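Me: I would like to go through this model and ask, for each label, what the label rests on. Here is the entry.

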Amino acid sequence: MTLLQLARWHKLGAGMLALGVSSGCQGDRWVIGSPLAGLGDAGAGLDASTAPSCRIPEDELEPAPDGTLPGADQVGHWSALLDGAEASNFSASRLELTLAADGAGQLRFESPNAPAPALDGARGYLCTTPGATSCTPPGGFVPGFEYALTRVSARGSILGFRALLDEPWGGWCALQTPVEQTTPGCPAYYDIEPSYSAASWGEACSVLRAEGRVAIDCGRLATVERRPCICTSTGCSAARSRRLDVYLRLVSPGVLEGALWFERDRALVVQLDRVADTQRR
Amino acid sequence: MSWRSRLCACHPCLFSLGLLLAACSGNAFLIGESNTDGSDIDGARVARPEPEDHCPDLAELRLLDNTCWPTRHVGRWHGFATTSPQYHHRRALPFEYPSGDLLLELDEQGRATLTFSASPEQPRARLDDAGLDLDAGPSSVAADASTGIDGGMAGDAGAVGRVDAGAQHPEDAGARLDAGVAGSRPALGLALDFPYRLRELKMSGAALGRRPTDPRVDFSLLIAEPWGDVCAASLAQLDPELAPCVCAADVCSPDPGLLTVTLSLSADGRALRGSARSEAPEGVLAAGWEFVRE
């Protein structure tokens, strides 16, 4: 390599470094590599020699959970006071669980106000600037929302169920118009927003598309960045991939105990007490 | 163009270098760990050793150093099997874990046991009510997959036999796989109410210098551990198909089948989660386990 070549490479490296520095910053800067642009794999598009990484459809059917319907000692209304270091990640002081004999169930982190229904699909829902982290407290649940439990099953004293964490966005997703997305070499799929390669956050927000910079409502951008919807050609609904599987054990009559593992190494330990119908608010 | 002028044309890279230097905290441009003690020997600068990783993984060795022990795992934990609650032991059909409490006890002296219990809500049967032979021995055994509850077992003197009517085996709707009964005759599967000794108890997972906060704990247990003495003493009476013993010549010992467990502590130290694996020629079964600190 000649010195001239070396100098050119250094020049390129300087440019890359400047790009890397700016793209790594938040605030009123461009954020390169939004989820929609990456299609699930940040490497796609960066190396033309590799095969395209196609978006994998979610909602693959899972086998039904082992076990039986909840027993009479598990059916009913349960309530836990949240305490400990992790409780603050849920922005609620109490957790409420309701289980029916047919396996239906609801989970709700108590809040004075349930979230208002989504009425305007063009704006965001439950999310604000500067992005998807604003959508929920770190625990991942929307306070006040009543989650409909899935995969409720029991095995002896052990109770299991699943909460779908994007469920609160179901109504908002239903208001979206599916947008066909194409990636060379991949089957077409549908999403709620045309793809973009970068997002800019500030008092006004915008995204960078092939045709240039396009303004977007900041709340909508934050909601889009969360990716709470799954779409077909005919409509959109709440995604089911963001979920929490919870296991509780009936440790004594009227007491369920377990942990909500809301991150890989973070758990909220809960002890739920049975609440008589007459005590329910 | 001279090489000097060519190099000058590369001013953006010099600018970038300037940015990097501006981001540095010290006066010198140091690569790697900063040296805080600055020891010099004969004029040669000697790198300070890495933060001491003196805590061994093995708990029995950690006990010898009070800077490594006790770890945050010490305590009493109540848990249960969650996902795929099955395990292998000798037979092709897997067993199902008892659906009651898993009591994990690690004390400050390094004693560590795990006890499986029947579901307290399930009906329990007394073997002595069934007119079975009672004598001394381990308190319980689990029934096997193909025969259901093994009613031929002898009960522990004075012990309550337990039938843990858990979920049915998906491939054999008629068999109760986690049915534990009190008895002293060896049988396959986990024994109920027996404090299994944790083997190869290890802690790991924290960064160098922070090993006392290791989040991960690994151990194994010998599924047939309760039957060590019985296997050794009752060679002639054992049914090789049903007994958890391995016999060679004139000696029998417990079947070497293990549960190999890995658990990780939550950040707040109040919960453990992980898996228990068991191997068989048919493959490895990995069940989810969770515990909450008492």
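Me: How many helices and strands does chain A have?
Reply: In this predicted model, chain A contains four helices and 17 strands.

Me: What makes parts of chain A unsuitable for detailed reading?
Reply: Chain A averages a pLDDT of 83, and 78% of its residues score at least 70. Over residues 1-29 of chain A, however, the pLDDT is below 50, although this stretch has 31 contacts in the model beyond near neighbours in sequence. Residues 32-49 of chain A also have a pLDDT below 50, with 30 such contacts. Where pLDDT is low, the predicted coordinates should not be read in detail.

Me: Why are strand 5 and strand 6 of chain A called edge strands?
Reply: Nine strands of chain A form an open sheet in the order 5-4-3-2-17-16-15-7-6, with antiparallel pairing. Strand 5 (146-148) and strand 6 (150-155) each pair on one side only, and that is what the label says. Ignoring direction, neighbouring strands of this sheet are turned by 25° against each other on average.

Me: How do you know that strand 3 and strand 4 of chain A are joined?
Reply: A pair needs at least two bridges. Strand 3 (residues 94-99) and strand 4 (residues 105-109) of chain A have five bridges and run antiparallel, so they qualify. As for a bridge partner in strand 4, A:T98 has A:Q106.

Me: Why is A:E146 called partly exposed?
Reply: A residue is buried with 20 or more other C-beta atoms within 10 Å, and exposed with 12 or fewer. A:E146 has 15, so it falls in between and counts as partly exposed.

Me: Where is A:E146, and which residues does A:E146 touch?
Reply: A:E146 is in strand 5 of chain A. Leaving out residues up to four places away in sequence, A:E146 touches A:Q106 and A:R108. From A:E146 to A:A204 the C-alpha to C-alpha distance is 33 Å, and the two are 58 residues apart in sequence.

Me: What share of chain A counts as buried, and which residues have the most contacts inside the largest nonpolar core?
Reply: Of the 281 residues of chain A, 33% count as buried. The largest nonpolar core has 106 residues; those with the most contacts inside it are A:L221, A:C229, A:L268, B:L221, B:W289 and B:F291. A:L268 touches, among others, A:L82, A:F90, A:L260 and A:F262.

Key. Residues are numbered from 1 along each chain as its sequence is written. Chains are lettered from A and ligands numbered from 1 in the order in which they are written. This is a predicted model: local features need pLDDT of at least 70, side-chain atom pairs count only at pLDDT 80 or more; totals for chains, interfaces and linings use all residues. pLDDT is the predictor's confidence in each residue, from 0 to 100. Two residues are in contact if their C-beta atoms, placed from the backbone, lie within 7 Å. Helices (H or I, at least four residues) and strands (E, at least two) are DSSP runs, numbered from the N terminus. Axes are lines fitted to C-alpha atoms, for helices over the stretch in contact, and angles run from 0 to 180 degrees between N-to-C directions. A nonpolar core is a set of buried Ala, Val, Leu, Ile, Met, Phe, Trp, Tyr and Cys residues joined through C-beta atoms within 7 Å.
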